[in-house]
Amino acid sequence: MAKKSKSSAHAGTPAVALLEREGVAHTLHPYEHDPSSDLSYGLEAAAAIGVPAERVFKTLLAVVDGGALVVGIVPVDRQLDLKALAKAAGGKKATMAEPATAERATGYVVGGISPLGQKQRHRTVLDDTALAFDTVYVSGGRRGLDVGLAPADLLRLTAGTAAPIARESRGLPR
């Protein structure tokens, strides 16, 4: 299991501050973000930190039934299944939130949205494939920083649930 990280120059994000405040074992994985990369942010992160893509998760926001924002966390090599997310959130239909809406609601920029330490708490659903791993990796709250932590800790800190919300990718947007 990962050891709790000590303070670092990368600990300045709300996500890392939350992990440290809660005493959650985690590891920091900074990397140099390449704005010219042809890879999606998530696949770039997986390659940069040397972790298989199925263990690196991206954080996406969707609007369920035209109202509430819901956070979906899925492997970077898969896509968010909007119908499955809506069902997991107790709704019928979901659409992707506009990037500006996601940034305002979370306090993070697209490509660096962490499920942890968001400005407002939103219902959160983690793809259930995460439960097969001791450690998963999510954005640490900025482009170029991922954090590794146990899926159970991720669920606890986000008050999230796990459900099958990912599907095979047909080309990934950034």
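**Exercise 1. The hairpin of S2 and S3**

Task: In this predicted model, find which residue takes a positive phi in the hairpin of S2 and S3, and say whether that residue is buried, partly exposed or exposed.

Solution.
- Step 1. Begin with the two strands: S2 covers residues 57-64 and S3 covers residues 69-75. Four residues lie between them in the hairpin.
- Step 2. Look along that loop for the unusual backbone angle. Asp-65 has a positive phi of about 50°, although Asp-65 is not a glycine. Here is the background: most residues other than glycine have a negative phi.
- Step 3. Confirm the place: Asp-65 sits in the loop between S2 and S3.
- Step 4. Now turn to accessibility. The relative accessibility of Asp-65 is 46%, so Asp-65 counts as partly exposed; that class lies between the limits of 20% and 50%.

**Exercise 2. Following the bridges**

Task: Work out how S2 pairs with S3 and with S5, and how S3 pairs with S6.

Solution.
- Step 1. Take S2 and S3 together. These strands run antiparallel and are joined by seven bridges. Two pairs help you trace the ladder: Thr-59 has Ile-73 of S3 as its bridge partner, and Ala-62 stands opposite Val-70 in S3.
- Step 2. Move to the pairing of S2 with S5. This pairing is antiparallel too, over three bridges. Val-64 stands opposite Ala-94 in S5.
- Step 3. Go on from S3 to S6. Here the sense is parallel, with four bridges. Val-71 has Thr-124 in S6 as its bridge partner.
- Step 4. Ask how covered these strands are. Seven of the eight residues of S2 are buried, so S2 is largely enclosed by the rest of the structure. In S3, seven of seven residues are buried.

**Exercise 3. The whole sheet**

Task: Write down the order of the strands in the sheet, and explain why S5 and S9 each have one side without a neighbour.

Solution.
- Step 1. Lay the five strands side by side: the order is S5-S2-S3-S6-S9, the sheet is open and the pairing is mixed.
- Step 2. Check the ends of that order. S5 (94-96) and S9 (161-163) stand at the edges, and each has a single partner strand, so one side of each is left without a neighbour in the sheet.
- Step 3. Add the twist: on average, neighbouring strands of this sheet are turned by 35° against each other, direction ignored.

**Exercise 4. A helix on the sheet**

Task: Find which strands of the sheet helix H5 touches, and how many of the residues of H5 are buried.

Solution.
- Step 1. Locate H5 at residues 151-158; this helix packs on the sheet and touches S3, S6 (123-127) and S9. The direction of H5 makes about 165° with that of S6.
- Step 2. Count the covered residues. Six of the eight residues of H5 are buried, namely Pro-151, Asp-153, Leu-154, Leu-155, Leu-157 and Thr-158.
- Step 3. See what does the covering. The cover over these buried residues includes H1, S3, S6, S7 (136-142), S8 (145-149) and S9.
- Step 4. Step just past the helix. Ala-159 takes a positive phi of about 55° there, in the loop between H5 and S9. With a relative accessibility of 51%, Ala-159 counts as exposed.

**Exercise 5. The second largest pocket**

Task: Describe the lining of the second largest pocket, and say which helix gives the most to it.

Solution.
- Step 1. Note the volume of this pocket, about 150 Å³.
- Step 2. Turn to the lining, which has 14 residues; Pro-115, Gly-117, Gln-118, Arg-121 and Leu-157 lie nearest the centre.
- Step 3. Sort the lining by kind: six residues are nonpolar, six polar and two charged.
- Step 4. Look for helices. H1 (14-21) and H5 each supply at least two lining residues, and H1 gives the most, with three.

**Exercise 6. A buried glycine**

Task: Decide whether Gly-144 is buried or exposed, and find what Gly-144 contacts beyond its neighbours in sequence.

Solution.
- Step 1. Place Gly-144 in the loop between S7 and S8.
- Step 2. Read its accessibility: the relative accessible area of Gly-144 is 0%, so this glycine is buried.
- Step 3. Leave aside the neighbours within four places in sequence. Gly-144 is then in contact with His-29, Pro-30, Tyr-31 and His-33.
- Step 4. Finally, compare positions along the chain and in space. Gly-144 and Ile-49 are 95 residues apart along the chain, while their C-alpha atoms are separated by 9.7 Å.

Note on methods
Residues are numbered from 1 along each chain as its sequence is written. This is a predicted model: local features need pLDDT of at least 70, side-chain atom pairs count only at pLDDT 80 or more; totals for chains, interfaces and linings use all residues. Side-chain values use heavy atoms; hydrogens and water are left out. Two strands pair if DSSP finds at least two bridges between them. Axes are lines fitted to C-alpha atoms, for helices over the stretch in contact, and angles run from 0 to 180 degrees between N-to-C directions. Contact means heavy atoms within 4.5 Å. On a 1 Å grid over the protein atoms alone, a cavity is a set of points where a 1.4 Å probe fits but cannot get out, and a pocket is an open set with protein on both sides within 12 Å along at least five of seven lines; lining residues have an atom within 4 Å of a point. Grid points are joined across faces, edges and corners, and a volume is the space filled by probe spheres set on the points. Ala, Val, Leu, Ile, Met, Phe, Trp, Tyr, Cys and Pro count as nonpolar, Asp, Glu, Lys and Arg as charged, and the others, Gly among them, as polar. Buried means under 20% relative accessible area, exposed over 50%, partly exposed in between (1.4 Å probe, protein chains only).
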